[in-house]
Amino acid sequence: MEYRILGSTGTVVSTQCLGTMTFGKESSEEVSHAQLDRFVERGGNFVDTADVYSRGTSEEIIGRWLAGRPGARNQLVIATKGRFPMGEGPNDAGLTRVHLSRALDASLRRLGVETIDLYQAHAWDPLTPIEETLGFFDDAVRAGKIRYAGVSNFLGWQLQKASLLAEFRGLAPIVTLQPQYNLLIRDIEFELVDVCRNENIGILPWSPLAGGWLTGKYLRDQGPTGATRLGEDPRRGMEAYGPRNAQERTWQVIDAVRQVAEGRGVSLSQVALAWVADRPAVTSVIIGARTLEQLDDNLAAADLNLSEKETAQLNEVSAPIVSDYPYGTPGVQQRSRALSPSN
């Protein structure tokens, strides 16, 4: 396992982060604890969860694991998130002080810890001024309830606004962004990567395997079946089978990943994870698994470094489809200039 600095902090985290959305839902508590044990054995020290994962059960499972292993807490960087509904009341959601203060205290209780290392806004809240949220983060840092603040699923302008406001007002900075990022979904490269590089914000990609698509387990024009996410629900969320199956680009990317994997004698998953881990501004890749076998395969990607040729091959076939301006070639060329006035 390799390690990197967490955004603008001095904290060191493993380049793979154990995502725990499956805990308490797709993975039993026994399997979840086995995954945590294996992750730590392999050198992982970064664990990510959220209050809404199985309605708090994921955090509770992690809390019981920590309680049964004295000293484990001090070796881990623990991240969680708040924003989405955890109740039926009008103030049981959002990035308000009212909701986040309750959500944070509840997460601390479920995890059984005094401090959460990285507390993240799970998504933008259009009803709450971001100044209120940033003020809450700063107060929570000063109170010793959290060490760092991060965000997830923000757009470019939202992240830039939050980052600059925190700096201007002398508040705890935004140190990480948790976005969807993989070989099929590279949209964060349009704006968010540049914001993160300019503001020294670490990127923590979620869904690096595109909901299982980049494992190679789904076949063209053959609806998935069996004990997989899409086998159980082919219309599930953003990774729904129908829309992605209909895109030729999907199968071109998967074919390229397979070609690299076969050339290296590794799994498709490992190639996809290695690619995203080496992208600019990426600090740690969030991996998630139902089983210990899946986790073992993902962990093996930590030892894989793609060549320049392999990376270029994957970059080319997975390039996002964009219009000429402002994200296409003419727009990109216009973002820089030479010293000559003619440019």
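This short presentation concerns strand S5, its two neighbouring strands and the helices that link them.

Good morning, colleagues. Please keep in mind throughout that the model is predicted.

I begin with S5 itself, which spans residues 77-82. The strand is mostly covered, with six of its six residues buried. In a regular strand, side chains point alternately to one face of the sheet and the other. Here, both faces are covered: Val77, Ala79 and Lys81 are buried on one side, and Ile78, Thr80 and Gly82 are buried on the other.

Next, the pairing. Strand S4, residues 46-48, runs parallel to S5, and three bridges join the two. Within this pair, Val47 lies opposite Ile78 of S5. To pass from S4 to S5, the chain goes through helix H2, residues 57-67, in a right-handed β-α-β crossover.

S5 also pairs with strand S6, residues 116-121, again in the parallel sense, over four bridges. Gly82 has Ala121 in S6 as its bridge partner. From S5 the chain reaches S6 by way of helix H3, residues 97-111, and this β-α-β crossover is right-handed.

That brings me to the two helices. How do H2 and H3 pack? Their axes are 7 Å apart, at an angle of about 40 degrees. H2 is therefore oblique to H3. On the H2 side, the contact involves Glu59, Glu60, Ile62, Gly63 and Leu66; these meet Ser107, Arg110 and Leu111 of H3. Sorted by class, this contact comprises three nonpolar, two polar and three charged residues.

To close, I return to the strand at the start: S5 is paired with S4 and with S6, and both of its faces are covered. Thank you.

Note on methods
Residues are numbered from 1 along each chain as its sequence is written. This is a predicted model: local features need pLDDT of at least 70, side-chain atom pairs count only at pLDDT 80 or more; totals for chains, interfaces and linings use all residues. Side-chain values use heavy atoms; hydrogens and water are left out. Buried means under 20% relative accessible area, exposed over 50%, partly exposed in between (1.4 Å probe, protein chains only). Two strands pair if DSSP finds at least two bridges between them. A crossover is right-handed if, with the strands pointing away from the viewer, the path from the first strand over the helix to the second runs clockwise. Axes are lines fitted to C-alpha atoms, for helices over the stretch in contact, and angles run from 0 to 180 degrees between N-to-C directions. Angles under 35 degrees count as roughly parallel, over 145 as roughly antiparallel, 65 to 115 as roughly perpendicular and the rest as oblique. Contact means heavy atoms within 4.5 Å. Ala, Val, Leu, Ile, Met, Phe, Trp, Tyr, Cys and Pro count as nonpolar, Asp, Glu, Lys and Arg as charged, and the others, Gly among them, as polar.
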